[in-house]
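I opened this notebook to record what I looked up in one structure. The entries follow the order in which I consulted the model.

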Amino acid sequence: MKRISVVFILILSTLMLGEIYFWFDTSLGFSIYNELYAPDKKQVKTLTDYGMQIGFDYGLERGLRMGVSFGLLNMSVATNLGSVNSNLICVGLSPSFTFDFLDAISQVSGGVIFVIAGPTGSLAGFNMSGTSNFQGWIYTGKVDFLWELSDQFSVGFGVGARFHDLSILNRGVSLRSLSTPISLKISYKF
């Protein structure tokens with residue numbers, strides 16, 4: 001009972017001391033590993049993903065934070081037959097930890113992103129006709145380096161990794177890819 005009380009008091013004190021952060025980032029990533037399963041297995045040459053996310057974090061100025069994000073990622077999968085383009089509409093959760101590092105604020109975060117919809121263009125690059133819709137998950141890890149411009153505004157950049165675990169169920173297509181995105185980030189503290 002004492003342990004539960006201590007955990008409850010710690011969570012309550014973090015909520016009372018926490019602040020709200022709004023952030024926006026744009027990113028560009030290139031794949032370093034690809035796996036595509038389709039009725040006729042195709043060779044993926046490259047996968048490029050780029051887009052933007054907005055999100056809110058709640059937590060300590062230096063310490064633990066919990067965040068939610070909403071994003072639109074554009075993904076291009078190039079195979080030996082052509083390319084398949086998709087727009088991934090996403091929502092995600094991302095815990096993070098923030099600390100001072102030299103003259104910058106460092107934020108280490110991980111997260112999981114659920115792809116709500118992923119409409120594609122032509123599937124000719126997969127040797128299929130028509131269009132379809134990707135579904136699945138994207139797992140992320142990132143380190144951001146931010147510099148404070150004022151008490152509220154911070155700007156910086158980040159590097160990380162994104163693991164795509166996507167599929168087109170009605171076509172028997174499964175795509176797994178690891179990309180290394182670079183991002184620019186703007187943060188505002190309420």
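The entries below go from the overall fold to strand pairing, the core, the cavities and one chosen residue.

**Entry 1. Status and overall fold**

I note at the outset that this is a predicted model. I looked up the secondary structure of the protein chain and found one helix and eight strands. Along the sequence I read the pattern α-β-β-β-β-β-β-β-β, in which the helix precedes the strands. I then took the extent along the principal axes: the C-alpha atoms fill a box of roughly 55 × 45 × 25 Å. Of the 190 residues in the protein chain, buried residues make up 41%.

**Entry 2. The barrel**

In which order do the eight strands close into a barrel? I traced the order as E1-E2-E3-E4-E5-E6-E7-E8, with antiparallel pairing. From one strand to the next, the twist averages 20 degrees.

I next looked up where the barrel closes between E1 and E8. Strand E1 covers residues 19-37 and strand E8 covers residues 173-189; the two pair in the antiparallel sense over 16 bridges. Within this pairing I recorded two positions. Trp23 stands opposite Ser187 in E8, and Ser31 has Ser179 in E8 as its bridge partner.

**Entry 3. E7 and E8**

I turned to the other neighbour of E8 in the barrel order, strand E7. E7 and E8 run antiparallel and are joined by 14 bridges. Here Arg162 has Ser179 in E8 as its bridge partner. Ser179 is thus listed as a bridge partner of Ser31 and of Arg162. The hairpin of E7 and E8 has four residues between the strands, and Gly172 in this hairpin takes a positive phi near 70 degrees.

**Entry 4. E3, E4 and E5**

I looked up strand E3 (residues 63-79) and strand E4 (residues 82-101), which pair in the antiparallel sense over 17 bridges. Met66 stands opposite Pro95 in E4. A hairpin through two residues joins E3 to E4.

I then followed E4 to strand E5 (residues 104-117). This antiparallel pair has eleven bridges, and Cys90 stands opposite Val115 in E5. E4 and E5 also form a hairpin, with two residues between them. Leu102 lies in that turn and has a positive phi of about 55 degrees.

**Entry 5. The nonpolar core**

Which residues of the largest nonpolar core touch the most other members? I found Met75, Leu88, Phe126 and Phe134, in a core of 21 residues. Strand E2 (44-59), E3, E4, E5, strand E7 (153-168) and E8 each supply at least two residues of this core.

**Entry 6. The largest cavity**

I searched for enclosed space and counted two cavities of 30 Å³ or more. The largest cavity holds about 310 Å³ of space. I listed 26 lining residues, of which Trp23, Gln53, Ser109, Thr140 and Lys142 lie nearest the centre of the cavity. Trp23 is the residue already recorded opposite Ser187.

Which strand gives the most to this lining? I found E5, with six residues. E1, E2, E3, E4, E5, strand E6 (135-148), E7 and E8 each supply at least two. By residue class, the lining divides into seven nonpolar, 13 polar and six charged residues.

**Entry 7. The second largest cavity**

I took the volume of the second largest cavity as about 130 Å³. This cavity is lined by 16 residues; Tyr21, Arg65, Ile105, Glu148 and Ser154 are those nearest its centre. E5, E6, E7 and E8 each supply at least two residues of the lining. I recorded the classes here as four nonpolar, six polar and six charged.

**Entry 8. Phe163**

I closed with a single residue, Phe163, which is found in strand E7. Is Phe163 buried, partly exposed or exposed? The relative accessibility of Phe163 is 26%. Buried requires a value under 20% and exposed a value over 50%, so Phe163 counts as partly exposed. I also looked up the separation of Phe163 from Gly110: the two are 53 residues apart along the chain, and their C-alpha atoms are separated by 11 Å.

Key: Residues numbered from 1 in each chain as written. Predicted model: local features only at pLDDT ≥ 70, side-chain atom pairs only at ≥ 80, totals over all residues. Heavy atoms only, no water. Pairing = 2+ DSSP bridges. Axes fitted to C-alpha atoms, helices over the stretch in contact; angles between N-to-C directions. Core = buried A, V, L, I, M, F, W, Y, C linked by side-chain atoms within 4.5 Å. Buried < 20%, exposed > 50% of the residue type's maximum accessible area, 1.4 Å probe, protein only. 1 Å grid on protein atoms, 1.4 Å probe; cavity = no way out; pocket = protein on both sides within 12 Å on 5 of 7 lines; lining within 4 Å. Points joined across faces, edges and corners; volume = space filled by probe spheres on them. Nonpolar A, V, L, I, M, F, W, Y, C, P; charged D, E, K, R; others polar.
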